[in-house]
Amino acid sequence: MAQRAVKKNAITSDGIRSGFLSHLTHTIGRPLEFSSMVERYHALSHTVRDQLMEQWIQAVESYKNKNVRVVGYLSAEYLPGPHLMNDLQALDATESCREALVSLQVDLDDLAREEPEPGLGNGGLGRLAACFMDSLATLGVPAIGYGLRYEFGIFRQEIRDGWQVERTDKWLQFGNPWELPIMDASFEVGFGGRTETYTDDSGLVRWRWIPGRKVRGVPHDTPVPGYRNGFVNRLRLWSAEAVDSFDLSDFNAGDYMGAVRQKVESETISKILYPSDDNDAGKRLRLAQQYFFTSCSLQDMVRLHKLQGKPITEFHQKWSIQLNDTHPSIGIPELMRILLDEELLGWEEAWEITQATFGYTNHTLLPEALERWSLPLFAALLPRHLEIIYEINERFLDRMRNRFPGDADRIRRMSMIGEEGERTVRMANLAVVGSKAVNGVAELHSDLLKQSTLRDFYEALPDRFSNKTNGVTQRRWMMLANPPLSSLINEAIGTKWHTDLWELRELERFVSDSAFLERWRRTQEATKAKLSQYIEETQGIKTDPQSIFDIQVKRIHEYKRQHLNALHILSLYCQLKGNPNVTFTPRTFIFGGKAAPSYVMAKLIIKLICTVGDLVNNDPDVKGRLKVVFLPDYNVSLGQRIYPAADVSEQISTAGKEASGTGCMKFQMNGAVTIGTLDGANVEIRKEVGQDNFFLFGLTTQDIDQITQKGYRPQEFYERSSKLREVIDGLSEGRFSRGDREVFRPMLDQLLNVDPYFLLADFDSYTSTQAQVGAAYADAKRWNRMSILNSARSGKFSSDRTIREYCSDIWKVPVPSSSGAP
Ligand code: 26V
């Protein structure tokens, strides 16, 4: 039915043309011939947004009135990528748009390049939230994505002399045509102050919070269209403003500056994204950000609930709230506060509603990334919430003392208050206890959570735990990013895979069809040639599209081991120098990724990669065989260029450290073959594609546990492996860094003496597996087969599958049956 509606309202080229011209005149105020690219981009975006608004209003009405449960997805980060081409694709209006613009001598792709992407996240966690929003809309599930409208997103990365330099990201500089501020849906959020008790009319003692200051949250809504189903959800991001009551004229003239300072302080809350994805201990502003957006979001959901005339006691029947990591877990005591102090419910009832509302997704096992707040800091900013947490904790620990009598250690570990050293509030413990469901993001990760990080909780509450393996949207990561491959697939098996990725299995019919294999190969080569051209234009480095494109793009982190990749390249380099006649499949190594500005070792890893590039790319002895490229400022847009052009996907984290990884899935869909460890989603990718179509190496989590128990001595691996000695000694002697012996010293010391991520232990296994990759590629037929099978067997890794699982197991919301079948 939805489909008919869309067809009826089909977006015509004439419609777009007149909308575009009208916006140029009325919104932008420029005639076509004098308008800049940015202005034209804005006019077009407004035209597209107009189309979305009509469907948007319909969608709101449809779930306001019906008795459907709505998903509130709470995430401190979103990385949606550029909207224009995605939304045109969803509306099935790309071609009419192209046509309309051509008639005005304007090129659609030129305009699309003007769009700055919203970098409102650090990496995988934020991008996952964006893929989920796409799948929710495509499945027709009513949902609101709540988050923060950071004025400055993740920094822009530049590379100077091989070092990362950060530049501010002014993504809102020219305005954002995709968002709509909704002034009359704003809320006040309190901070600091004190709490007090009072006796209510019925003689009950109640609490209230008298905040020391207040900040206003204004929602900015961005439409999130489903794929050709006429359905539109919204991404609602909160921006901080000074409260209305703040009026400069109210302040006595003497404190004018002080008054302005208050305004600036309020607005600071949504100023900037913290560019770190592991720890920001003690960052008061970060806690303020988390509480700010979570409180606004909850107040909004309560408001929408009441608009329907529903009693607050039915809140959990109308809303299912998912916590994307612990960042919004302050929502648990905040909902309790609303129910207890504002709605005047009793504790038991409030707790039942709260617990029935929330689900918590854990995204990391790294102990340093588990959020803990200093207790004094927390008490000063959120005194009422701390009291509520104490009460939740006491009641929970009482239950646990009954369950596990005499086990004081266990009780200490499960407490929401950490007592070792400085007292802290442990957000993961709070999130587990306050939610009806807890999940990890890949099978291995969910198992490890149960066995280690959250073991005590699993033993006490086994039914609460489940796995929801991550996924990514094929609409952005195949259809938008890789039109040539998508067309080839459409031609071969039709278009059902657009909304049902399992359909790609049909490609298996072609793995022995030499004509198809050849077309597949040529398509990939053309895509590689495009990336090659981009690299030459932006980096001035020539690369050969016939060489293996071996790619690692992700945040730079020691556990992700980009430096293992770099050590391998150095080893190849030595090999080629020592034996110029050795048979060798030419390779281009491509890297991309940002390092947290304060993460010294990660920045040194970037320097290492660039140093290796400098060495290899300028040595005539390895010309035509080895190239190394570091592409600066890796983000969603760049990812769209990169994933389709990969032959080899590097997924080489230390086993047990990468919760899931999602880049691995984007590579696989596009036909890259993985070299990887048994970590995160790699385990499931290998299971899907079969061991013959995956290059496995390295220690397993069990191996690592064993070695650790015996006492890991990295020096032994160094002494045993001549190849390893060659690269480590070379680095140490400055042979790869123009004589500089000091620059990599901290890294070498760390590797030889501690090596917490087992690079040296995995080095030989990695290099020999890489040799197998080279040999396999040399056999074009074998490689093409592997490539097709990787894509054909990527069905599981669509975020549509993931969202269906969340809907049925956690949120208990029906997925409309017509969805996914436009
Ligand atoms: C944690 C923290 C800790 C405090 C400082 C700021 C900050 C910012 C982000 C995070 C989240 C780290 C967790 C994370 O990003 N995990 C990644 O989640 C992906 C989606 O599930 C997953 O694929 C990656 O394996 C996992 O590292």
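## Two domains and a ligand between them

The chain contains 33 helices and 23 strands, and the model described here is a predicted one. Its C-alpha atoms occupy a box of roughly 90 × 75 × 60 Å along the principal axes. For 822 residues, a compact globule would be expected to have a radius of gyration near 28 Å, and the chain, at 27 Å, agrees with that expectation. Half of the picture is interior, in that 50% of the 822 residues count as buried. Among the contacts in the chain with a separation of 6 or more, 76% are made by residues 24 or more positions apart.

### Domains and their contact

The domain assignment divides the chain into domain 1, made of the segments 67-81, 117-470 and 805-811, and domain 2, which covers 474-797. The C-alpha centres of these two domains lie 35 Å apart. Across the contact between them, 38 residues of domain 1 meet 33 residues of domain 2. On the domain 1 side, the helices α7 and α17 and the strands β3 and β4 each supply at least two of the residues that touch domain 2, and the largest share, five residues, comes from α7. By class, this side of domain 1 has 14 nonpolar, 16 polar and eight charged residues.

The residue ranges of these four elements are as follows.

| Element of domain 1 | Residues |
|---|---|
| α7 | 124-138 |
| β3 | 156-160 |
| β4 | 163-167 |
| α17 | 443-453 |

### The ligand

Both domain 1 and domain 2 give residues to the shell around the ligand, and the ligand therefore lies between them. This shell consists of 24 residues, the closest of which are Gly124, Leu125, His363, Ala659 and Ser660. Sorted by class, the shell has six nonpolar, 12 polar and six charged residues.

### A three-stranded sheet

One open sheet is formed by three strands in the order β13-β15-β14, with antiparallel pairing. Because β13 (372-374) and β14 (417-418) stand at the edges and have a single partner strand each, one side of each is left without a neighbour in the sheet. The antiparallel pair of β13 and β15, the latter spanning residues 424-426, is joined by three bridges, and within this part of the sheet Ser374 stands opposite Thr424 in β15.

Key: Residues are numbered from 1 along each chain as its sequence is written. This is a predicted model: local features need pLDDT of at least 70, side-chain atom pairs count only at pLDDT 80 or more; totals for chains, interfaces and linings use all residues. A residue is near a molecule or strand if its C-beta atom, placed from the backbone, lies within 6 Å of it. Ala, Val, Leu, Ile, Met, Phe, Trp, Tyr, Cys and Pro count as nonpolar, Asp, Glu, Lys and Arg as charged, and the others, Gly among them, as polar. Domain bounds come from an automatic or database domain assignment. Helices (H or I, at least four residues) and strands (E, at least two) are DSSP runs, numbered from the N terminus. The radius of gyration is taken over C-alpha atoms; the globule rule is 2.2 Å times the number of residues to the power 0.38. A residue is buried if 20 or more other C-beta atoms lie within 10 Å of its own, exposed if 12 or fewer, and partly exposed in between; C-beta atoms are placed from the backbone. Two residues are in contact if their C-beta atoms, placed from the backbone, lie within 7 Å. Two strands pair if DSSP finds at least two bridges between them.
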